[in-house]
Amino acid sequence: MEWRITLGEPDIGDEEIEAVTKVLRSRWLTMGAVTEEFERAFAEKMQVKHAIAVSNATVGLHLANVALGIGPGDEVLCPALTFVASANASRYTGADVDFVDSISENDLTMDPRDVEAQISSRTKAITVVHYAGFPCLMDEIMDIAHRHGLKVIEDSSHAPFGWYRFRDGQRRFTGAIGDVGCFSFFGNKNLTTGEGGMVTTNDDRLAAQLRLLRSHGMTSLTYERHKGHASGYDVLLLGYNYRMDEMRSAIGLCQLRKIDRINEKRRAIYRWYCEALSGYSNVVIPFQDRPLEQSTCHIMPVLVEEGYDRVRKGLRDAGVQTSKHYDLIPHFSYYDRPSFQSKVRLIDRILTLPMHGSLTRDDVSFVADTIRRYEPSYAGE
C-alpha cells in the first residue's frame with residue numbers, strides 16, 4: 001500500500017550516488033582502498049584504535065563471539081528485548097544464551113541487576129544492546145563484568161555515535177566501551193550502506209584475529225596482491241567470507257560525514273513526539289528521564305495501555321506505517337523459554353512509530369492526532 005508516513009527512510013542524496021558511481025568507474029569493486037579509508041575514518045571518529053568493516057552486523061557479532069573464544073559449554077547473557085541476531089550470534093559458536101530483562105517501562109535497556117542475577121559458573125560474556133539508541137547503564141554493567149571476569153560485546157546497531165558519561169565524568173561512544181563493538185548499516189539505520197556493518201575494538205590482538213576471521217583466515221587480501229604488496233598467502237585459521245565491498249564503503253564514508261546531523265534531527269523528532277503525545281493516558285513514552293543528547297533516537301517505541309491492535313490498525317488505516325521492536329526472543333519457538341516473564345508490565349505492547357529525518361512536525365502531529373482517537377477520554381471531533 002502507499003503510506004502517507006513511512007516507518008523509516010534512509011538519508012541518501014547525490015553525494016552517495018556520485019561516490020558509488022566513482023567506485024564503479026574505478027572497476028575495483030571488492031574490498032580495497034575505499035573500505036580501508038572508511039575503516040580509518042570510522043575509527044578516528046569513534047576514538048578507537050581499530051574498525052573492521054564487515055558485510056552486516058550479524059556477522060560482526062558472530063566474529064566478536066569467535067574472537068573472544070566463546071564456544072560450546074559457555075553461556076552469554078543477552079537482553080530478551082532485542083533483534084534475534086544478538087542472541088543467534090552466540091548460538092552460532094555453540095554457546096548457550098540466557099536472557100536478561102529490561103529495567104522498566106521508562107527504560108527498556110537491559111537491567112544491570114538482572115545481569116548480575118543471571119551470572120552462572122558458565123557465563124563468559126555479556127552482550128549489551130543500546131536499545132532504540134539509548135545507552136545501557138554501562139557504569140554498572142562494566143563493574144559487573146570486571147568483578148566476574150566477563151567479556152562485554154556491545155551491539156550498537158541502534159546507536160552509532162551515541163555516548164555514555166561515566167561516574168568519573170569520562171565520556172565514551174557506545175561501541176567503544178566494551179571489549180568489542182558491533183554496528184549495523186542496514187537500510188533503516190541512522191548510518192546506512194544498505195547492508196553492511198563495522199566491528200570496533202581497542203585490543204590489538206582481537207583486531208588482528210577479527211581481520212583474519214573476516215576473510216577466510218588468509219594472511220593477505222586480494223587487493224594487496226593486486227597492488228603488488230603480496231604475492232601469495234597462508235591460511236592461519238578457519239575464517240569466513242564476511243567482507244564489505246567498495247560500493248557500500250563509499251556510501252558509508254558519505255554517511256559518516258553527516259551522521260551528527262542525522263542524529264540531531266532524530267533527537268528533535270523525539271522531542272516533537274514527547275510534546276505531541278504529552279498527557280495521553282493510553283501511551284507511555286520510555287526514556288524521557290534519560291539524557292537525550294547521549295542518544296541516537298534510532299527508533300520511536302511507545303507502550304500502549306489499552307487496545308494495542310486497534311491503535312495499530314487505526315494508524316495503518318490512516319496511512320501511518322508502524323512496527324514492533326521487538327517480540328521477546330525467549331518466546332520464539334527456537335529458544336522456547338516460556339518461563340521467561342518480564343517484570344515490565346507493557347513489554348508485549350510496544351508500538352514503534354515512524355522515525356526518520358524526512359519527518360516534519362506536521363507528520364508527528366498527524367500520528368499523535370490519530371492515536372488520540374484511542375484515548376479513553378476522546379469524544380470525537
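**Close-up views of a predicted model**

**View 1. Helices α3 and α7 cross in the right-handed sense.** This model is a predicted one, and our tour of it begins with a helix pair. Helix α3 covers residues 57-67 and helix α7 covers residues 204-214; their axes are 10 Å apart and the packing angle is about 125°. That angle makes α3 oblique to α7. If you would like to find the contact yourself, look on the α3 side for L63, A64, V66 and A67. Their counterparts in α7 are R205, L206, Q209, L210, L213 and R214. Sorted by class, this contact brings together seven nonpolar residues, one polar residue and two charged residues.

**View 2. A seven-stranded open sheet has mixed pairing.** Reading across the sheet, the strands come in the order β1-β11-β10-β7-β6-β2-β3. At the edges sit β1 (50-54) and β3 (96-100), each of which pairs on one side only. From one strand to the next, the twist averages 20°. Strands of a sheet pair through backbone hydrogen bonds, in either a parallel or an antiparallel way. For a parallel example, follow strand β2 (residues 75-79), which pairs with β3 over five bridges. A handy place to check this pairing is P79, whose bridge partner in β3 is V100.

**View 3. Helix α2 lies across β1, β10 and β11.** Here β10 spans 180-184 and β11 spans 197-201. The helix runs at about 135° to β1, which is also one of the edge strands of the seven-stranded sheet. Helix α2 itself is made of residues 33-46, and both F38 and F42 belong to it. These two phenylalanines are four residues apart, about one turn of the helix.

**View 4. F38 and F42 form an aromatic pair in an edge-to-face arrangement.** A pair of aromatic rings is described by two values, the distance of the centres and the angle of the planes. The model has a count of 15 aromatic pairs. For F38 and F42, the ring centres are 6.2 Å apart and the planes stand at 85°, so this pair is edge-to-face.

**View 5. Three strands make an open antiparallel sheet.** Their order is β12-β13-β14. On the edges you will find β12 (283-284) and β14 (350-353), each pairing on one side only. Strand β13, residues 300-304, joins β14 through four bridges in the antiparallel sense. To line up the two strands by eye, start from M300, which stands opposite L353 in β14.

**View 6. Helix α10 lies across β13 and β14.** This helix is formed by residues 308-317 and runs at about 15° to β14. The two strands beneath the title of this view are the antiparallel partners β13 and β14.

**View 7. Helix α10 passes α11 in a right-handed crossing.** Helix α11 takes in residues 361-372; the axes of α10 and α11 come within 9 Å and cross at roughly 135°. The two helices are therefore oblique to each other. Which residues meet in this contact? From α10 come V311, G314 and L315, and from α11 come V367, T370 and I371. By class, the contact holds four nonpolar and two polar residues, with no charged residues.

Technical notes. Residues numbered from 1 in each chain as written. Predicted model: local features only at pLDDT ≥ 70, side-chain atom pairs only at ≥ 80, totals over all residues. Heavy atoms only, no water. Axes fitted to C-alpha atoms, helices over the stretch in contact; angles between N-to-C directions. Parallel < 35°, antiparallel > 145°, perpendicular 65-115°, else oblique. Left-handed = near helix turned anticlockwise from the far one by under 90°. Contact = heavy atoms within 4.5 Å. Nonpolar A, V, L, I, M, F, W, Y, C, P; charged D, E, K, R; others polar. Pairing = 2+ DSSP bridges. Phe/Tyr/Trp six-rings, centres within 6.5 Å; stacked < 30°, edge-to-face > 60°.
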